Amino acid sequence: MEILVCARRVPDTSENEIELNSAGNDIEHDELVYSINEADNYAVEEALQIVARVGGNVTVVTVGGEGDEEVLRREMAMGANHGVLITDDAFSGSDGRGIATILKAFVQKGNYDLILTGVQAEAGGAQVGGMLSALLDYPFASLVNSIEVLDGRKLKISREIEGGNKELHEIDLPCVLSIQTGINEPRYVGMRGIRAVASVPIPTFSASELALDPSVVGEAAAKVKRVDYFVPALGKGAEMLHGNREENVDRVLELVAAKGGLK
Amino acid sequence: MARIFAYIVHKAGVPHDTATQLAAAAKKIDLASSPTAILTGWGPGLDAACDNVCASYSEIWKLSSEVLAYPNAELVRQALAKILPPGSILLIAHEHFGIDLAPGLSIKLNSAVVSDAVEIAGVAGSFLNIVRQEFGGQVSAHVRCDISSGAVVTVRPGAFKAPESAPVAGIVVDKSSEVGALTARRRYLGTIVAEAGDVDITKHSVLVSIGRGIQEKDNVAIAEELAEALGAAVSCSRPVVDAKWMEKSRQVGSSGKTVKPKVYLACGISGAFQHLAGIKGAPFLIAINKNPKAPIFQVADVGIVDDILEFLPELTTKVRELHSVAAK
C-alpha cells in the first residue's frame, strides 16, 4: 500500500508557554520550540504499522519552508521511506483550503492508496484532511482511532465519538483519514536515527512544479484570515495561592476538607 | 444578508444541547436573522426531533431518507450540498459529527470554513468576524472570514448561551424530495460502546485528576497515593490516555467520561475545552500547574503554580498526618 502522510511542524505546547509579543497582536515567536504536530506523528506511526503488515511505502509531505525539513527527517528516522517538502513564496498566507489545494496537486502526481493527516494541528481547525478528500473526491473519515486493512481495496476503521464510544465504518480506497492521537504508541526516535538520515536528499516542489495557479493559493486566495492574536480579559479566574509550598499544601487541605472532600 | 442555517444533531428524537446554542450564534451574526434549522434522519425519531426544535426555529427543513437513519457525514454532506442555496451561512456544532462534515462541505459549496468558533462579532461588509482559540486556549485569535460565497462555521459546544427569547411556533418543511439518491464509499457498520473500567470515576465525590504534567507512567503512583489517602479516585486528561499511562475509562472529557464530583484537583492539566466539557455540576476546582499561563487557571476556583511531582507527595504526607492524628 502506498501511503502519504501530510504532516506539519508546530510550536510544541508541551514545551512552550505561548505568549503575546510586546505589540500585543501576535504570539512571541522568539525561542519557541517547534516539533512535529502530535497527531501527525501518530499518523506516521500508523502508516508504518500498516506497511509492516501489508507492505508498501510511506511518504511524508509538508507544506512549509526550509525549517520544516527537520520534521521530515525525524519522520524518516522513524521509518518513513520518503520525505517531501512543498515550498514556494506564493504559498505564504494560505488558509486551510489553500493548503488542501496544494496537497491535492501533489497527490495527483503520485499514486497513493491511502492519505493520512493528523486530526488537528496546534493552531489549526481540523480542516485540511476533509477539504483534501472533497477536492480529490475521495471518501473521508475523521477522528480515526483504528485501521484494519480488508481484502478488496477496503479498510475497516473506527472513529472516536462521545463518551469513549467508537463508530465502525468500512471505507473504500483510495481515501483520506484524519488520525486521532492515542491510536498507537509512536516509536522513539534517537539521535542515531536522526543522524542516519541527515544527508538523505529531500526533494522539493514549487508552485510551478505542481502546475499550481498562484491565484488559487496563498494570502490572496484565502477566504479566512487571522487578523491578530489576543488574550481575552479573564472572567473571575482562580484565586491564586502565593504562599510557599508548605503553606499552599495546608491551604489546599483546608479547602478540600471544607468542601467535604476529606474522608 | 445571507440566509443562515443551523444543522441540528439529534438522537432518539432529542435534539443535541447545541440546537438552541446555534440559534444564539445565528443572532450574533445578524440580530434580525431568523435562522432555519436543518435535520436529517429517518422515521419517528426525526419527526420528534423536528417538533422539539420548533420552539427555537421559525422554519425547520426536514430531510428524511432511510440511508440517513444513522448520520453518516459522507451522505449528509451530499444532501446538504444539494439543498443549500448559494451563499448560505451554515452553523454546525464542533463535535465529532461537525468535524467529519464541515471541511468537505465547504469545498462542495465553494464557501469559506471556520472551525470551533467561540465568539461571533457580527458582519462588516462581506466579512464575518469570529473569535477562535489556539494553542489549547492559551491565546485567542480574531479571524476574518469572507462570506461573499457563503460560509460553514463550526461552533464550540457551550460557547453560546441559548437566548431567553419567547418560543416561536416553527413550521416543518419537508425537503426530502429535493435530496435525491445518496451513495457513499464509506458505510456505517455499528457503534462499539466503551468498556467499563476497574474504577467508576463518575461515582466519586473527589477526583485527583492528572494531565501531561505527570510526565511519565511511573509517576501515576504519586496521584494514586494521594487519592488513596483522600478516599478519592484518580482520573486523567487525554494525553495520559494517549500515552497509555491510564485506561480510557479514567479519562474526563468530551471523548471520555462526564463526572460530577464535589472536589476536582486538576494536577498538571492545561485545561483544554474538551477536558472541561467532561466536568459538570460545578465542583470546587483546585488547579496545580507549572505553567502560570495554563488556561485551567481561568476556570479554577483556586490555583497554585507549582510542580505536581513535588506538590502532590507533600499533600499526601499532610493528609496521612491528619488521619493519624484523628485516629489517636
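**A:Glu162**

I began with A:Glu162 and counted 18 C-beta neighbours inside 10 Å, so A:Glu162 is classed as partly exposed; by the cut-offs used, a residue is buried with 20 or more other C-beta atoms within 10 Å of its own, exposed with 12 or fewer, and partly exposed in between, the C-beta atoms being placed from the backbone. I found A:Glu162 in the loop between β8 and β9 of chain A, where helices (H or I, at least four residues) and strands (E, at least two) are DSSP runs numbered from the N terminus. Leaving aside residues up to four places away in sequence, I noted that A:Glu162 touches B:His96, B:Ser254 and B:Ser255, a contact being two residues whose C-beta atoms, placed from the backbone, lie within 7 Å.

I kept in mind that this is a predicted model, in which local features need pLDDT of at least 70 and side-chain atom pairs count only at pLDDT 80 or more, while totals for chains, interfaces and linings use all residues. Residues are numbered from 1 along each chain as its sequence is written, and chains are lettered from A and ligands numbered from 1 in the order in which they are written.

**The contact of chains A and B**

I then looked up the whole contact, which takes 71 residues from chain A and 72 residues from chain B. Several elements of chain A each supply at least two residues of the side that touches chain B, among them α4 (128-136), β7 (140-150), β8 (154-160) and β9 (166-172). The largest share of that side, 8 residues, comes from α7(A). I sorted the residues of the side of chain A that touches chain B by class and obtained 31 nonpolar, 20 polar and 20 charged, with Ala, Val, Leu, Ile, Met, Phe, Trp, Tyr, Cys and Pro counted as nonpolar, Asp, Glu, Lys and Arg as charged, and the others, Gly among them, as polar.

Strand pairing also crosses from chain to chain: β12(A) and strand β10 (residues 139-146) of chain B pair in the antiparallel sense over 6 bridges, and A:Lys225 stands opposite B:Arg144 in β10(B). Two strands are taken to pair if DSSP finds at least two bridges between them.

**The sheet**

I traced an open sheet of 10 strands with mixed pairing, in the order β11(A)-β5(A)-β4(A)-β1(A)-β6(A)-β10(A)-β7(A)-β8(A)-β9(A)-β13(B). Its edge strands are β11 (204-205) of chain A and β13 (186-192) of chain B, each of which pairs on one side only. At the edge in chain A, strand β5 (residues 82-86) runs parallel to β11(A) and is joined to it by 2 bridges, with A:Phe205 in β11(A) as the bridge partner of A:Ile86.

Further along, I checked both partners of β7(A) in that order. With strand β10 (residues 175-179) of chain A, β7(A) pairs in the parallel sense over 3 bridges, and A:Val144 stands opposite A:Ile179. With β8(A), β7(A) runs antiparallel over 6 bridges, and A:Leu150 stands opposite A:Lys154. The hairpin of β7(A) and β8(A) has 3 residues between the strands, and in this hairpin A:Gly152 takes a positive phi near 75°.

**Helix α4 of chain B**

I compared the span of helix α4 (residues 96-109) of chain B with its expected value, which is 1.5 Å times one less than the number of residues: at 1.5 Å a residue, its 14 residues should span 20 Å, and the end C-alpha atoms are 21 Å apart, which agrees. I nevertheless recorded a kink of about 30° at B:Ala102, shortly before the proline B:Pro103; the bend at a residue is the angle between axes fitted to the seven residues ending there and the seven starting there. Of the 14 residues of α4(B), 13 are buried, and just after the helix B:Asn110 takes a positive phi of about 55°.

**Domains and chain totals**

Chain B is divided into domain 1 (4-178) and domain 2 (201-327), bounds that come from an automatic or database domain assignment. I found 35 Å between the two domain centres, taken over C-alpha atoms, and 7 residues of domain 1 in contact with 8 residues of domain 2.

For the totals, I noted 9 helices and 18 strands in chain B, with 52% of its 328 residues counted as buried. Chain A has 7 helices and 13 strands, and 48% of its 263 residues count as buried.
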